[in-house]
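Hi,

Here is the structure I said I'd pass along. Have a look at it first, and my notes follow underneath.

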Amino acid sequence: METTDQELKNVECSIEKALDVIGGKWSFLVLKELFEGTRRFGELKKSISHISPKALTDTLRHLEESEILTRTVYPTVPPKVEYTLTQKGQELHKITKEMKLWGAKWT
């Protein structure tokens, strides 16, 4: 059976899916920090220069919705919130390393 052009257009590309998750402007920098361990919002904000609180919040929400990280809220005053990579998020580490090597070689 032959595949039509329309059927090909309807097939989701796995690279597109990956880029949708990690392709945001700030996602790589957030991931880089979380590869080193659990971080609080303030720690991320401090270590990623020039990111606004809104951009950091939006990026963290997107990564949480994509199941790349988990957000843990502790019942303290003020609330303590920590971000940790999931197994799915940890698996991005080797991909980002390869991209870094490619970038160093070709840019």
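Is His50 buried or exposed? This is a predicted model, and in it His50 comes out at 75% relative accessibility, so with the cut-off for exposed at over 50%, His50 counts as exposed. You'll find His50 in the loop that runs between α4 (41–47) and α5 (53–65). Its backbone may catch your eye too: the phi of His50 is near 75 degrees, which is a positive value in a residue other than glycine.

Glu67 is another one to check. Its phi is near 65 degrees, again positive in a residue other than glycine. Glu67 sits in the loop between α5 and β2, and with a relative accessible area of 54% Glu67 is exposed.

There is a positive phi at a glycine as well: Gly37, just after α3, has a phi of about 135 degrees. As for α3 itself (residues 27–35), the buried residues there are Ser27, Val30, Leu31, Glu33, Leu34 and Phe35.

Now the strands. β2 (residues 69–74) and β3 (residues 80–85) are paired antiparallel, with 6 bridges. Across that pairing, Thr72 is opposite Glu82 in β3. Together β2 and β3 make a hairpin, and 5 residues lie between them. Pro78 belongs to that loop between β2 and β3, and the peptide bond joining Val77 and Pro78 is cis, with omega at about -5 degrees.

That's what I have on this one.

Cheers

Conventions. Residues numbered from 1 in each chain as written. Predicted model: local features only at pLDDT ≥ 70, side-chain atom pairs only at ≥ 80, totals over all residues. Heavy atoms only, no water. Buried < 20%, exposed > 50% of the residue type's maximum accessible area, 1.4 Å probe, protein only. Helix = DSSP H or I, 4+ residues; strand = E, 2+ residues; numbered from the N terminus. Pairing = 2+ DSSP bridges.
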